[in-house]
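User: Hi! I have a structure open and could use some company while I look through it. Could you walk me through a few parts?

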Amino acid sequence: MDRALFEKFRNFVTRKRVRFTLLSLALLLSGFALYLDITVRAQFEGKRWAMPARVYARPLELYPGMKLRPEQLTMELAMLDYHVAADPQDPGSYRRRGDEFTMVTRPFTFWDEAQATLPLQADFDGGHLSTLTNRATGKPVTLARLDPVPIGGIYPAHNEDRVLVKFDEIPPHLVKGLVAIEDRQFYAHHGFSARGTARALVSILSGGGVQGGSTLTQQLVKNFFLTPERTLRRKFTEVMMSMLLELHYSKDEILEAYANEIYLGQDGNRAIHGLGLASHFYFDRPLSRLDLPQAALLVGLVKGPSYYDPRRHPARALARRNLVLQEMRKIDFVTQAQYVVARASPLGVAEKAPEGTSPYPAFIELVHRQLRRDYREEDLRSEGLQIFTTLDPLVQTSAERALTSRLTQLEKDRRIPPKALEGAVVVSHSQNGEVQALVGGRDTRFEGFNRALDAARPVGSLMKPVIYLTALEQPDSYTLATLLDDSPLVWRERGTSDWEPQNYDKEFHGQIPLRIALANSNNVSTARLGLALGVRRIMDNARRLGVERDLNAYASSLLGADSLSPLEVTQMYQTFASGGFLVPLRAIREVLMADGQPLQRYPLSVEQVIEPGPAYLVTHGLQAVVREGTADALKKYLSPDLHLAGKTGTTNDLRDSWFAGYTGDRLAVVWIGRDDNQPVNMTGAGGAMTVWGEMMARLDPDPLVPPTPENIEWSWIDSATGLRADGNCQGAVELPFIRGSAPMETAPCAAHSPARSLKNWFERLFE
Amino acid sequence: MSKQYSTVLFLATAAMIAGCAGFLPSTPEVSDNSAVVALMDSARADIANGKLDAAVAPLERALRIEPRNPVLWQELAKLRLQQGQYQQAEGMATRSNSWAGTNKALRAENWRLIGEARLKRGDRQGAQAAFDMAAEQAN
């Protein structure tokens, strides 16, 4: 082979090798790019669609004539983070001058309609909203809704809890702040900044490692996958991935992912990722409600959450926040006026990191349980559903305050160690069964043991109305005037020890009228009555009233040996409060899809399970409990003119203190006890009833005026004999009876008393 | 579309709306609370447009404001009957009866609704009993 030929051959081979190498390289590169593309998209999509269900309180409906105090409106507006303004113009601002409110509502899409922002003037007259006017048109407004208070979300169960937010939930000034501080070219670049990358390269080549020069997109990519290593290869992957992301997604989508990913602090061993969670962690409020200085502080934290920790280093944090504000001012993202106000405002950080992200975890748990009947757990945690609930934050606040303040006071008064007592409260609308408040313990933000749902305790005398109902459903045998036997009782049953019920006063009362036995909560006469009627039958009636749990049918079950949770007791009493109609308790009104499309309603449902007559008589009996029986001390809190109905409950050795009662508009059940089940040494009236009274007094209850069923008639009765009397018979009372069931026989006093003759004489005079 | 034609269409539509309004009187007896009246009107408009599911929400809103208003309960009973929810229709009509007081016309209508609901569920005897109650109210 001659040399030239060899050269030619070698060139050919070399060229081919170069070509081959180049080709393989390109193939490898595109393979790598493809791999990166698949990875980055999978990661991005996975994060993007995991939107937790968002939960809202009921919206406050405003209409002229409604029962609402000015301070309640102020409280609602505060919970909604409406800010005070001298001349309210922006949605979410208001001004109060005495009884006059000027406000601009936020626009909101409800289940049934979208309501645009409304400039309103609301004037109060005492405890009522007297006039409501549209300030723009000067015309009266018949009905308007405030936006509902966001009360939490249903988040992924695993450790890394996040409060994921959608792009349009991020306040605009926060977006602007991020762009101003972290990446000014964000809306112009293709995922990386050439200058920044060049600077990083120089730094790496000169042995300094990669530093800075990251766009928001690059920061996101780093957070997604990469370990904090500083090499050329790593920089290359990062730039590639950033470019790929930009290829597939819009700037807003990228920013949304960034907002949900960014690391912003540490709470013990829990990392605070995402603006949504950080907003709760630092300010105890949802992200959409942050004002300009708060938003600027969050932006400032991106650089170093630990170094600028506003709780540990407030001075550093303040300086950093003001730097962010200054940068935003420089590029005209904020006006000079906004800048001056924001700069002068305090950090506004909540003193202590709040426990969890909902102010009402106990209620959220009830919502979650009701939702789980209809939805898959992963959908609740990822589909971004909007859940509209029945929670009334004003009622909830009253319930929480009454419980915590009374428990503290009771411990002081009764020398119980501080924090030993626990309690639970459930409040519902007496007619439609909507749960307006639920308190699961005295630490109302605690996300653990929920006593309102899960503390099943013996109900004691709360079971008695079921016995009386069973009796009064037989008007031929029992009326409110029937005399019951309250003499000593020993009950022997095979397989159980002898049962000898005692009255609370340790005495026996001979013959007592049925309504008095209920009012005074006599154990012995009630037990005799129950045994005569049949224990099984009474327990079946409890189930008819709405108790779903299986109940025992021992004699002791009559006096409430069986355990129920406060929520179950509420369901049972709901049927009394609504006049014999079973109304299922509901915590949810509507569920909407993430995009606002209606998904499901939880409608009002009623079913008559008790005849109106007996239901009416039981309520009359429960009104006697408050008027003259074991709950008469309720008058310390509420006027007797409200004719409230209620029942105290006390269990063996004073371990549980219960009260269940209803007004014209609400039903509430309160339980007090100890988690270790030790005696609390208080009766239902001494403990739970005082919580009930204090709470209801804050809520201006409607008087209880149950409608009189058609078949009810009234008769005067002589209490001592249970026989018919007239109005002048001493101790005579007028009582309701199911038609035809009133005693026919006349008491001796009625026919012959001088009073009777005198009355007859007067009657003749006026005839 | 010619101008003339659209005028005719407009007039026809206006007449139709006026006609509907005649069938759906904004009854003065619903409530003296104008918020309740507005919600009732909205529910009736939904029903007139065949949007039965949508009508439930304003009725329930009205009932939150006036839970003792028998006309609202009756309206909900009628709606549930139309929707084929017969058990709920009977429940709502019975609830309306409990708040109806001495309003015999309202009671009669409730019993008629209960009768219809029972009939639809195949309970002829129960239905007859309800229709008898309705007739009794009329006397």
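Analyst: Happy to help; we can go through the contact between chains, some charged pairs, a few rings and some backbone details. One thing to keep in mind is that this is a predicted model.

User: Good to know. How many residues does each chain bring to the contact?

Analyst: Chain A brings 30 residues and chain B brings 27 residues.

User: And what area is buried between chain A and chain B?

Analyst: About 2400 Å² is buried between chain A and chain B, with carbon and sulfur atoms giving 53% of that. On the chain A side, Gln431(A), Leu604(A) and Val606(A) supply 23% of the area that chain A buries against chain B, more than any other three residues.

User: How many salt bridges are there between chain A and chain B?

Analyst: There are seven salt bridges between chain A and chain B. One of them joins Arg68(B) to Asp702(A), where the closest N and O atoms are 3.7 Å apart. By class, the side of chain A that touches chain B has 12 charged residues, along with 10 nonpolar and eight polar ones.

User: Which residues are linked in a network of salt bridges?

Analyst: Glu61(A), Asp112(A), Glu113(A), Arg145(A) and Arg61(B) are linked in such a network. Over all chains, the structure holds 52 salt bridges.

User: Why do side chains like that pair up?

Analyst: Side chains of opposite charge can pair when their charged atoms come close.

User: What does Lys67(A) form a salt bridge with?

Analyst: Its partner is Asp665(A), and the closest N and O atoms are 3.0 Å apart. Lys67(A) sits in the loop between β2 and α2 of chain A, while Asp665(A) sits in the loop between β26 and β27, so this salt bridge ties together parts that are 598 residues apart in sequence.

User: Neat. Are those two buried or partly exposed?

Analyst: One of each! Lys67(A) is partly exposed, with a relative accessible area of 30%, whereas Asp665(A) is buried, with a relative accessible area of 12%.

User: What about Glu590(A) and Arg601(A)?

Analyst: Their side chains meet in a salt bridge at 3.9 Å, N to O. Glu590(A) belongs to strand β22 and Arg601(A) to strand β23 of chain A, 11 residues apart. Both Glu590(A) and Arg601(A) are buried.

User: Switching topic: how many aromatic pairs are there over all chains?

Analyst: The structure holds 13 aromatic pairs over all chains. Take Phe108(A) and Phe110(A): their ring centres are 5.0 Å apart and their planes are at 55 degrees, so the pair is tilted. Both Phe108(A) and Phe110(A) are buried. Together with Tyr56(A) and Phe388(A), Phe108(A) and Phe110(A) form one aromatic cluster.

User: Now helix α18 of chain A. How many of its residues are buried?

Analyst: Nine of the 11 residues in α18(A) are buried, so the helix is mostly covered. Among the buried ones are Val524(A), Ala527(A), Leu529(A) and Leu531(A).

User: What covers the buried residues of α18(A)?

Analyst: The cover includes α16, β18, β19, α17 and α19 of chain A. Right after α18(A) comes Gly534(A), which has a positive phi near 105 degrees.

User: Which sign of phi do most residues other than glycine have?

Analyst: Most residues other than glycine have a negative phi. Leu654(A) has a positive one, near 55 degrees, and it is found in the loop between β25 and β26 of chain A. Asn677(A) also has a positive phi, of about 65 degrees, and lies in the loop between β27 and α22. Asn677(A) is partly exposed, with a relative accessible area of 34%.

User: Last one: where is Gly649(A), and what is it in contact with?

Analyst: Gly649(A) is in strand β25 of chain A, and at 0% relative accessibility it counts as buried. Leaving aside neighbours within four places in sequence, the residues in contact with Gly649(A) include Val459(A), Leu462(A), Trp658(A) and Gly684(A). For a sense of distance, the C-alpha atoms of Gly649(A) and Leu27(A) are separated by 80 Å.

User: Thanks, that gives me plenty to look at!

Terms used: Residues numbered from 1 in each chain as written. Chains lettered and ligands numbered in written order. Predicted model: local features only at pLDDT ≥ 70, side-chain atom pairs only at ≥ 80, totals over all residues. Heavy atoms only, no water. Helix = DSSP H or I, 4+ residues; strand = E, 2+ residues; numbered from the N terminus. Buried < 20%, exposed > 50% of the residue type's maximum accessible area, 1.4 Å probe, protein only. Contact = heavy atoms within 4.5 Å. Buried area = accessible area lost by both parts, 1.4 Å probe. Salt bridge = Lys/Arg side-chain N within 4 Å of Asp/Glu carboxyl O. Nonpolar A, V, L, I, M, F, W, Y, C, P; charged D, E, K, R; others polar. Phe/Tyr/Trp six-rings, centres within 6.5 Å; stacked < 30°, edge-to-face > 60°.
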